[in-house]
Amino acid sequence: MDSLIQTINKLQDVFAVIGDHKIDLPQIVVVGSQSSGKSSVLESLVGRSFLPRGTGIVTRAPLILQMIRYSKEDREEMLKITKNDEIKSWASFLHKPGVIFDDFDEVRREIENRTDSLAGANKGITHEPIVLKVFTLLYDLTFVDLPGITKVPVGDQPEDIDEQIQELILKYVKQPNSIILAVVTANTDPSTSESLKIARKMDPEGERTIAVVTKLDLIDKGTIQDTTDLLCGHKIPVKLGIIGVVNRSQKDINDNKSMKETLKSEKDFLRSNYPDIYKKHGNKVLAKTLQDILIKHIKKTYPILHKNLQDTKTRLESELKTLQTPDSKVSFILGLLKDISKSYCDTIMGNRKDVSDKIVMGGARIAQIVNEEYVEKINKIDPLHNLTDEQIGIILLNTAGITSSSFVNEKALENMIGRQLNNLIDPSMSSVDFVRVEMLKIFDCIDENILETLKRFPRINSDVRNVLHNMLDDKLTNIKEFIKSYIETYQTCLNTTNPNFLFQLVKSSTEMQDSFITSYVNDNVSMKTNTNSLKDEDEQDEESLKIQQFKQMLSGLNDLDNTIETSKQVKIHRCLTQCYFDFIREIIRDFVPKRIHHKMVKLILDDFEHHLDEFVFTPYVLNRSFDEVLVEEDGVIEDRNRVEKMLNAVNKALKNMIDIQCY
């Protein structure tokens, strides 16, 4: 069973050399405040004094401490290097392969030197771990020792040292596979313990937290009952247990008190002061408990870890495929351009398999712009925007010149309708611009692997985007000119006898109809269209009669009294302007989206691949510039090496995990 821990040690070795990674390994993370006795706990478990000591922050890098109960093969490997049969326990560092440390004072100095190398000689910290293997006859265990929690910077420590340490600690304890070993001092209130605060934050139910209570020998004799309650779990809500220990004091360290003597003193102290519970506490009990917890935890988390590694392998293989150097440059570029065109068209046409459920994108966004936003915008336009009755009256007078105005002043009507239809041009032009911008954005939503490949080759990326820009700019100019000309046609060529417009008048408000017709009708009873005379007519006859009346009025065949009041003419022309505007707006509202779709979106989709071939691939062939365009962006080689390194590590980890499946 112990080999389970050694297998996890191998995984730690694999990923320690990678640096930053997202593989959540089962491990015991040691958390405690400065001077909480954290280092003493670890040294007691190892049975040797090897950790740096001093004031301020001593631990400034994560120390992955692997205790390995060595085998015969391990010892033989050590003897090959040292030729010293007297060595009973030894250490090695991952960053110094092949070097054996049998003097643990040298181990301490190497930790200090490596820390300075990684974090600098000042008081800063680093996230890069130091991996220390201690080969012993005791047991298999693995820990991550982290910097002690501090609140106030001392000396030349950075001002935000507390935040840096918190960030580093949380990076490890937030991982669901981590067991939190919270070091708590017996001579302080556990409710104020910083290590327990962090544990509660990341593990609220205490499912993966074990507490170690240190400095039992420093409490007042009168508080032993309170400490007993603490050790029995009445004050700290953790589910993996609470174990009290007594470690070497500073005097013991100065006097070089051996670990063996320390363990004996601890046992005597616990038996004397906590006779009912002493067998459940002490460093030996802590080591056995941690070993059992870690083994159970590894077995429990194996399926999750294995799946995580498999998913990571799949992701890295896909990423590496994107970063690989092409074997055939010509076929690579040709294939890439075809893939770009297909993915772009699929994104707009809704044929992508990886459909987003977060945002509206691609063709759906284009449809939203032209079928919803544009329509909503022009529907809000007031047909009589900036056209008052006073202005209408002045236009009627000015367009009549030296003659009296007829019942319907065609010139005035044309002037007013032309002015009002002008309000449809800007939103129609804007909708074309919005679609152009969206079609450029869509390019950044195509298949992620294609985009990643393009990022590697800035020249190809730039050339492809330029083709799309030029196509859109060309279509933009043509379509905007056509739409503007289309609207201008309706501004200058009025057709007030158009059956659809007459129908629009019939469907207009009753108030508008009554005021219009009443102004026109004279004493001729046959021409009256009041409500009473129409009640006996069916709906179809009523509409036909009104259309005939409107047609007569708008054709100028009327016998109106020349003394008709100008205010009535204003009202009539206002109604006509509003109705004609609504009539043309409906046409434009239907036409513009169709024109954008047909003459911009569809043409781009139909011609994109051809343009990429003509303006990208063909020039590459003619200029023989394949080597030039396949020059990779700065950093791509480093990315490829990083991914290869990580993939090798994951493959090695999966191979090592075969050992776990036996248990």
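Here are some questions and answers about this predicted model.

Me: Let's start with the sheet. In what order do its eight strands lie?
Reply: Happy to help! Strands of a sheet pair through backbone hydrogen bonds, either parallel or antiparallel. In this open sheet the pairing is mixed. Reading across, the order is β3-β4-β2-β5-β1-β6-β7-β8.

Me: Which strands are the edge strands?
Reply: Look for strands that pair on one side only. That is true of the strand at residues 90–93 and of the strand at 242–244. Their names are β3 and β8.

Me: By what angle are neighbouring strands of this sheet turned against each other on average?
Reply: For this value the direction of the strands is ignored. The average turn between neighbours in the sheet is 25°.

Me: Do β2 and β5 run parallel or antiparallel?
Reply: Strand β2 covers residues 63–69 and strand β5 covers residues 141–145. Five bridges join the two, and I64 of the pair stands opposite V144 in β5. The direction of this pairing is antiparallel.

Me: Now for β6. Which residue of β6 is the bridge partner of Q27?
Reply: Strand β1 is joined to β6 by five bridges, and the two run parallel. Within β6, Q27 has as its bridge partner S178.

Me: And in β7, which residue is the bridge partner of A182?
Reply: β6 and β7 also pair, in the parallel sense and over six bridges. Across this pairing, the partner of A182 in β7 is A211.

Me: How many residues of β6 are buried?
Reply: In a regular strand the side chains alternate between the two faces of the sheet. On one side of β6 we find S178, I180, A182 and V184, and on the other I179, L181, V183 and T185, all buried. The strand is therefore largely enclosed by the rest of the structure, and its buried count is eight of the eight.

Me: Which helix lies across β1, β5, β6, β7 and β8?
Reply: Two helices are worth a look here. Helix α5 (residues 161–173) lies across β1, β5 and β6, running at about 155° to β1. The helix that lies across β1, β5, β6, β7 and β8 spans residues 283–323 and runs at about 95° to β5. It is α10.

Me: How are α13 and α14 oriented to each other?
Reply: Two packed helices are described by the angle between their axes and the distance between the axes. The axes of α13 (residues 389–400) and α14 (residues 410–421) come within 8 Å and cross at roughly 135°. Angles from 65 to 115 degrees count as roughly perpendicular and those over 145 as roughly antiparallel, so the word for α13 and α14 is oblique.

Me: How many nonpolar residues are in the contact of α13 with α14?
Reply: From α13 come Q391, I392, I395, L396 and T399, and from α14 come K411, A412, N415, M416 and R419. Three of these residues are polar and two are charged. The nonpolar count is five.

Me: At roughly what angle do the axes of α16 and α17 cross?
Reply: In this pair, L451, L454, K455 and R456 in α16 meet P458, I460, N461 and R465 in α17. By class, that contact has four nonpolar, one polar and three charged residues. The two axes come within 5 Å and cross at roughly 115°.

Me: One last residue: is E448 buried or exposed?
Reply: E448 has its place in helix α16. Its relative accessibility is 63%, and the cut-off for this class is over 50%. E448 therefore counts as exposed.

Definitions and conventions:
Residues numbered from 1 in each chain as written. Predicted model: local features only at pLDDT ≥ 70, side-chain atom pairs only at ≥ 80, totals over all residues. Heavy atoms only, no water. Axes fitted to C-alpha atoms, helices over the stretch in contact; angles between N-to-C directions. Helix = DSSP H or I, 4+ residues; strand = E, 2+ residues; numbered from the N terminus. Contact = heavy atoms within 4.5 Å. Nonpolar A, V, L, I, M, F, W, Y, C, P; charged D, E, K, R; others polar. Pairing = 2+ DSSP bridges. Parallel < 35°, antiparallel > 145°, perpendicular 65-115°, else oblique. Buried < 20%, exposed > 50% of the residue type's maximum accessible area, 1.4 Å probe, protein only.
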